[in-house]
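Trainee: I should be grateful for a close look at one part of this model, namely the strands and the residues packed around them. Please explain each term as it arises.

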Amino acid sequence: MQTVNKIKSPAEYKGLVYCPICTHHVEAVVVPVKRFAQVKPGQKCARCSSSLDAGVVVRLDVAA
């Protein structure tokens, strides 16, 4: 039986997130969950200091 070498992906990525309060795009840490990506809980918007838990991931920065 052969062993398969699996490449582990990092648990967190940088991404662009839409803030629903100030309606701007800000950088935040994004965590992959199954087939989608979500904002890491507990982060604050850099512009208005509101919670980004309800923010939408717009872009995910992943190296190829």
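Mentor: Let us begin with one pair of residues: Leu 16 has Glu 27 in strand 2 as its bridge partner. The model is predicted, so local features need pLDDT of at least 70 and side-chain atom pairs count only at pLDDT 80 or more, while totals for chains, interfaces and linings use all residues. Residues are numbered from 1 along each chain as its sequence is written, and side-chain values use heavy atoms, with hydrogens and water left out.

Strands (E, at least two residues) are DSSP runs, numbered from the N terminus. Two of them pair if DSSP finds at least two bridges between them. Strand 1 (residues 13-18) pairs with strand 2 in the antiparallel sense over six bridges. These two strands form a hairpin with six residues between them, and Thr 23 in the turn has a positive phi of about 55°.

On to the next pairing: strand 2 and strand 3 run antiparallel and are joined by four bridges. Here Val 33 stands opposite Phe 36 in strand 3. Two residues lie between the strands of this hairpin, where Lys 34 takes a positive phi near 55°.

Strand 2 (residues 25-33) also gives the largest nonpolar core its largest share, three residues. Such a core is a set of buried Ala, Val, Leu, Ile, Met, Phe, Trp, Tyr and Cys residues joined through side-chain atoms within 4.5 Å; buried means under 20% relative accessible area (1.4 Å probe, protein chains only). The core has nine residues in all, among them Val 17, Ala 28 and Val 30. Beyond its neighbours within four places in sequence, Val 30 is in contact (heavy atoms within 4.5 Å) with residues including Tyr 13, Val 17 and Leu 60.

Methods:
Buried means under 20% relative accessible area, exposed over 50%, partly exposed in between (1.4 Å probe, protein chains only).
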